[in-house]
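Thanks for coming. I have a few minutes on one structure and its ligand, so please look at the screen.

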Amino acid sequence: MKKKIAVLASGSGSNLQAILDALDRGEILDSEVVLVISDRKEAYALERAKRRNIPIKYLRAKDYASREEFDRKVVCLLEEAQTDLVVLAGYMRIITPVFFLSFKQRVLNIHPSLLPAFPGGHGVADALAYGVKVSGCTVHFVDEGMDTGPILLQEAVPVYDDDTVETLHERIRQLEHKLYPKAINLWVQGKIKLMGRRCVINE
Ligand code: GRF
């Protein structure tokens with residue numbers, strides 16, 4: 001049986017696109033994207049999914065009394081779709097512990113910095129402002145903290161003197177598009193063993 005992946009996205013969805021393209025090329029094996037959920041109606045990620053006839057769902061935060069209630073609805077949709085793996089791809093909400101009752105160690109995120117440096121919503125800008133010479137991206141399991149879960153894969157890019165937030169983010173995005181599909185494939189192939197905080201990969 002194919003592994004069922006659900007993607008949560010708030011923005012342009014270029015990582016979602018990279019995952020779909022990797023599935024097409026057979027770089028992620030025995031898997032399919034069964035659902036895309038967004039908290040933003042205008043998220044281009046929804047359009048990308050629609051074009052591929054992937055079921056989409058938009059949830060409006062103000063329709064829910066609390067963040068927990070919102071997440072209970074998300075979890076309910078994920079369970080209905082029999083989701084094996086939840087992939088956060090530019091999802092701008094902090095997920096609540098409600099999630100982990102059902103999806104412990106089954107939620108991945110990609111972050112545009114070399115964690116634990118520069119967590120949070122402005123990783124690229126913070127790294128640039130700090131003056132680092134190398135940044136990159138991190139695929140990690142999501143836990144209760146802010147970008148604190150065990151690291152699955154990480155790769156670096158140089159930071160140039162004339163970089164802006166946009167140029168640096170674009171360089172990082174190009175790398176994300178390779179790293180995220182690779183990490184997802186490792187997960188669906190059962191090649192990741194979690195030993196405390198350390199992810200051991202059995203290639
Ligand atoms: C990526 O840079 C990712 O690291 C961050 O949000 C961005 C999403 O980009 N979490 P996109 O919507 O996939 O293009």
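Helix 6 is the element that gives the most to the shell around the ligand, with 3 residues. Before I go on, note that this is a predicted model.

Which residues make up the rest of the picture? The residues around the ligand are G11, S12, G13, S14, N15, G90, I110, H111, P112, H169, R173 and E176. Sorted by class, that shell has 8 polar, 2 charged and 2 nonpolar residues.

Now the polar contacts, three of them for today. A polar side-chain atom of H169 lies 2.6 Å from an oxygen atom of the ligand. With G13, a backbone N or O atom is 2.8 Å from a ligand oxygen atom. I110 also uses a backbone N or O atom, and here the partner is a nitrogen atom of the ligand, at 3.0 Å.

How much of the ligand does the protein cover? On its own the ligand has 370 Å² of accessible area, and the protein covers 90% of that.

As for location, the ligand sits in the largest pocket. Three elements give two or more residues to the shell there: helix 1, residues 14–24, strand 5, residues 107–111, and helix 6, residues 165–188.

Last, the domains. Domain 1 runs over 1–104 and domain 2 over 110–203, and each of them supplies at least three residues to the shell around the ligand.

That is what I have on the ligand site.

How values were computed: Residues numbered from 1 in each chain as written. Predicted model: local features only at pLDDT ≥ 70, side-chain atom pairs only at ≥ 80, totals over all residues. Heavy atoms only, no water. Near = heavy atom within 4 Å. Polar contact = N/O pair within 3.5 Å; in protein donor to acceptor, adjacent residues only side chain to side chain. Areas by Shrake-Rupley, 256 points an atom, 1.4 Å probe, with all protein chains shown as cover. 1 Å grid on protein atoms, 1.4 Å probe; cavity = no way out; pocket = protein on both sides within 12 Å on 5 of 7 lines; lining within 4 Å. Sits in = over half its atoms within 2 Å of the grid points. Helix = DSSP H or I, 4+ residues; strand = E, 2+ residues; numbered from the N terminus. Nonpolar A, V, L, I, M, F, W, Y, C, P; charged D, E, K, R; others polar. Domains from an automatic or database assignment.
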